[in-house]
Amino acid sequence: MVHKEYRPTMAQLRTFATIAEFGHFGTAATHLGISQPSLSQALAALEAGLGVQLIERSTRKVIVTPIGWALLPFAQATLESLDAFVNHARGVKGGLVGSLTMGLIPTIAPYILADFLKIAPERASELFPHIVEDKTPDLVEGLKSGNLEVAVVGGLLDRENFYSIPLFTEEFVLVVPEHSPLAGRDDLVLADLHELNIMLLDDGHCLTEKVVELCRIADIKKDQRQSITRAASLTTVMQLVSAGMGSTLVPMSAVAVECTRPGLAFGTFANGLEKASRSLVLAYRSSTTRSGDYVELGDILSGAIEAADNRSREFLAQHRAG
């Protein structure tokens, strides 16, 4: 029976939510920066106060009980409300200050983080960003759960639950083996993709969705998703193209980093920004009170993406000149 005067602490609720998220006491304790005995004590106090079992403990795994799953959304909502309260206070104090957990898709994170982490202290000296790199579906779940405050993704999310700030539209570059007849072209059209074996990243990458969409627009009959050769990163895709196993489409921001190995050649599309491109946005929950802060953050991110884009264009110009 629940004691009428009992009120869980925020630390107890965060303990419960974190254990449920990670499914492991040790990992949850490390994430929260506390000892495992302290974690267990906080959970035990919460369960005793509520008069219910939230977590089943065993030597091998952690199981959230049915009543635990029923109560988890309320715990998460309470924690999110507290975070919103603190974030609003920060905003009143003066914009981008304090910690901020930001997700980025893997097809943009490696190419802009150095610039972002250089520009951010100049524009927001009291901001302490925490970076999470993951595929779009996982970033969306992170936003929903409150584990992420913002996320850089390719394309708009559910407009009912999320708002988004346009960051940058970047064109795609066709990467082919060096002896391809398309090498060096700057007047490509989507129809030129017809006879190519376009290599894709694994499912879950929004870049894969965009490339498949372009193939559909180009009326390519072959279903590129059926290829038995798939990769988890652009770096691996570049190695496969260099070995002559196919071609791929790469966002401009990635070219200067990913396309330096021997055996690669490039082609660009006529009116590339209109014909073959992707739009990056900064997504955040529609319930937030920090929209103004995120506009400022978006401006910083746009500058970092533009810097990566410019480096890649310089690389392509040098490659063609050479």
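**Strand β10, walled in on both faces.** In this predicted model, 5 of the 5 residues of strand β10 (residues 264-268) are buried, so the strand is largely enclosed by the rest of the structure. Side chains in a regular strand alternate between the two faces of the sheet. Here, Leu-264, Phe-266 and Thr-268 sit on one side, with Ala-265 and Gly-267 on the other, and both faces are covered.

**β10 and its partner β6.** Strand β6 (residues 162-177) runs antiparallel to β10, and 5 bridges join the two. To find your place in the pairing, look for Leu-174, which stands opposite Gly-267 in β10.

**Helix α3, with a buried side and an exposed one.** α3 (residues 36-50) has 15 residues and reaches 21 Å from its first C-alpha to its last, close to the 21 Å expected at 1.5 Å a residue. Its buried residues are Leu-39, Ala-42, Leu-43, Leu-46, Glu-47, Gly-49 and Leu-50. They cover an arc of only 170° around the axis, which puts them on the same side of α3. Swing around to the other side and you'll meet Pro-37, Gln-41 and Ala-48, which are exposed. Just after the helix comes Gly-51, with a positive phi of about 75°.

**A cavity of about 60 Å³.** There is 1 cavity of 30 Å³ or more, and the largest cavity has a volume of about 60 Å³. Its lining has 9 nonpolar, 2 polar and no charged residues; among them are Ile-198, Met-199, Val-211, Val-237 and Thr-248. β7 (200-201), α7 (206-217), α8 (234-242) and β9 (248-251) each supply at least two lining residues, and α7 gives the most, with 3.

How values were computed
Residues are numbered from 1 along each chain as its sequence is written. This is a predicted model: local features need pLDDT of at least 70, side-chain atom pairs count only at pLDDT 80 or more; totals for chains, interfaces and linings use all residues. Side-chain values use heavy atoms; hydrogens and water are left out. Buried means under 20% relative accessible area, exposed over 50%, partly exposed in between (1.4 Å probe, protein chains only). Helices (H or I, at least four residues) and strands (E, at least two) are DSSP runs, numbered from the N terminus. Two strands pair if DSSP finds at least two bridges between them. The expected span of a helix is 1.5 Å times one less than its number of residues. The arc is that of the directions from the helix axis to the C-beta atoms. On a 1 Å grid over the protein atoms alone, a cavity is a set of points where a 1.4 Å probe fits but cannot get out, and a pocket is an open set with protein on both sides within 12 Å along at least five of seven lines; lining residues have an atom within 4 Å of a point. Grid points are joined across faces, edges and corners, and a volume is the space filled by probe spheres set on the points. Ala, Val, Leu, Ile, Met, Phe, Trp, Tyr, Cys and Pro count as nonpolar, Asp, Glu, Lys and Arg as charged, and the others, Gly among them, as polar.
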